[in-house]
Amino acid sequence: MKRIETKNSIFLPYLLIFGAAIMRLMVSHPYNFIPIFSCILFFGASRPKREFAMPLLALVGVDIFLTTHQYGYRLTADQAVTWIWYLAVMLLGAGMLGRSITMPRVMGASLTSSVSFFLTSNFAVWAAWGMYPKTLGGLGLCYIAALPFFCNSIFTELACSLLIFALAR
């Protein structure tokens, strides 16, 4: 399948991004069961790079609000890693899926975004917070503690990515 080029290709990516952002604000999402990266991949694959700023700002704004107001935490460096990863996944969508969309490519991009985010974000949590000892064992504990979230996240992202890209044909 080539690049998504329908009249819905203008509105659907924005609708998905802002829908995911609103779901994060309004719906209890146990164990990361909201397809943020699926929506970001789709946006990157279907919209030009010059349009990446608005959805990134919306997602960052939601993260800041949730972190500081709903969860009551301060902003730390690990948050910046998450925001950089949002952009990285958009660029992955543009690079890997922007010209030719096949289901194996969608699966590869989805798995790449989920696994890389898991590894990077949990490393950042381990480095920025004092919850785990700053040892190799502490890093391992951090990854182990995040596994329930990762299992649901990778399933959600893969299933939703395949669904979104299949329905957008």
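A salt bridge here is a side-chain nitrogen of Lys or Arg within 4 Å of a carboxyl oxygen of Asp or Glu. The model is predicted: local features need pLDDT of at least 70, side-chain atom pairs count only at pLDDT 80 or more, and totals for chains, interfaces and linings use all residues. Residues are numbered from 1 along each chain as its sequence is written, and side-chain values use heavy atoms, with hydrogens and water left out.

**Exercise 1. Salt bridges**

Find how many salt bridges the structure holds, and locate the partners.

Solution.
- Step 1. The count is two salt bridges.
- Step 2. Asp63 pairs with Arg24; their closest N and O atoms lie 2.3 Å apart. This pair links distant parts of the chain: Asp63 sits in helix H3 (residues 53-70), Arg24 in helix H1, 39 residues apart. Helices are DSSP runs (H or I, at least four residues), numbered from the N terminus.
- Step 3. Glu51 pairs with Arg47, with 2.9 Å between the closest N and O atoms.
- Step 4. Check the burial classes: buried means under 20% relative accessible area, exposed over 50%, partly exposed in between (1.4 Å probe, protein chains only). Asp63 and Arg24 are both buried. Glu51 and Arg47 are both buried too.
- Background: side chains of opposite charge can pair when their charged atoms come close.

**Exercise 2. The nonpolar cores**

Determine which residues have the most contacts inside the largest nonpolar core, and which elements supply it.

Solution.
- Step 1. Fix the term. A nonpolar core is a set of buried Ala, Val, Leu, Ile, Met, Phe, Trp, Tyr and Cys residues joined through side-chain atoms within 4.5 Å.
- Step 2. The largest core has 30 residues, and those with the most contacts inside it are Ile36, Ile40, Leu59, Tyr86, Leu97 and Phe165.
- Step 3. Two or more residues each come from H1, helix H2 (36-46), H3, helix H4 (77-97), helix H5 (103-128) and helix H6 (136-167). H2 gives the most, with eight residues.
- Step 4. A second, separate core has ten residues, including Tyr132, Tyr143, Ala146 and Phe150.
- Background: in soluble globular proteins, nonpolar side chains tend to be buried together.

**Exercise 3. Helix H2 in detail**

State how many residues of H2 are buried, then trace the contacts of Ile40 and Phe43.

Solution.
- Step 1. H2 is mostly covered: eleven of its eleven residues are buried. Among them are Ser38, Gly44 and Ser46.
- Step 2. Contact means heavy atoms within 4.5 Å. Leaving aside neighbours within four places in sequence, Ile40 is in contact with Ile17, Leu59, Tyr86, Val89 and Met90.
- Step 3. Phe43 has a relative accessible area of 0%, so it is buried. With neighbours within four places again set aside, Phe43 contacts Pro13, Tyr14, Ile17, Glu51, Phe52, Pro55 and Met90.
- Step 4. Phe43 and Gly108 are 65 residues apart in sequence; C-alpha to C-alpha, they are 16 Å apart.

**Exercise 4. Cysteines**

Explain why Cys39 and Cys142 form no disulfide.

Solution.
- Step 1. A disulfide is a pair of cysteine sulfur atoms within 2.5 Å. The structure holds zero disulfides.
- Step 2. For Cys39, the closest cysteine sulfur is in Cys160, 7.5 Å away, so the pair is too far apart for a bond. Cys39 is buried, at 4% relative accessibility.
- Step 3. For Cys142, the closest cysteine sulfur is in Cys151, 15 Å away, which is too far for a bond. Cys142 is buried, with a relative accessible area of 2%.

**Exercise 5. Surface and loop**

Classify Leu25, Arg105 and Thr76 by accessibility, and give the setting of each.

Solution.
- Step 1. Leu25 is in helix H1. Its relative accessible area is 38%, so Leu25 is partly exposed.
- Step 2. Leu25 joins Ile22, Met26 and Phe65 in a nonpolar surface patch with about 410 Å² of accessible area together. Patch residues have over 30% relative accessible area and no salt bridge; like charges are joined within 9 Å, nonpolar side chains (Val, Leu, Ile, Met, Phe, Trp, Tyr) within 5 Å. Areas come from the Shrake-Rupley method with a 1.4 Å probe; for residues, only the protein chains shown count as cover. Helix H1 (residues 8-26) supplies the largest share, three residues.
- Step 3. Arg105 lies in helix H5. At 35% relative accessibility, Arg105 is partly exposed. Not counting residues up to four places away in sequence, Arg105 touches Met96, Leu97 and Ser100.
- Step 4. Thr76 is in the loop between H3 and H4. Thr76 counts as buried because its relative accessibility is 15%. Beyond residues up to four places away in sequence, Thr76 touches Ala128 and Trp129.
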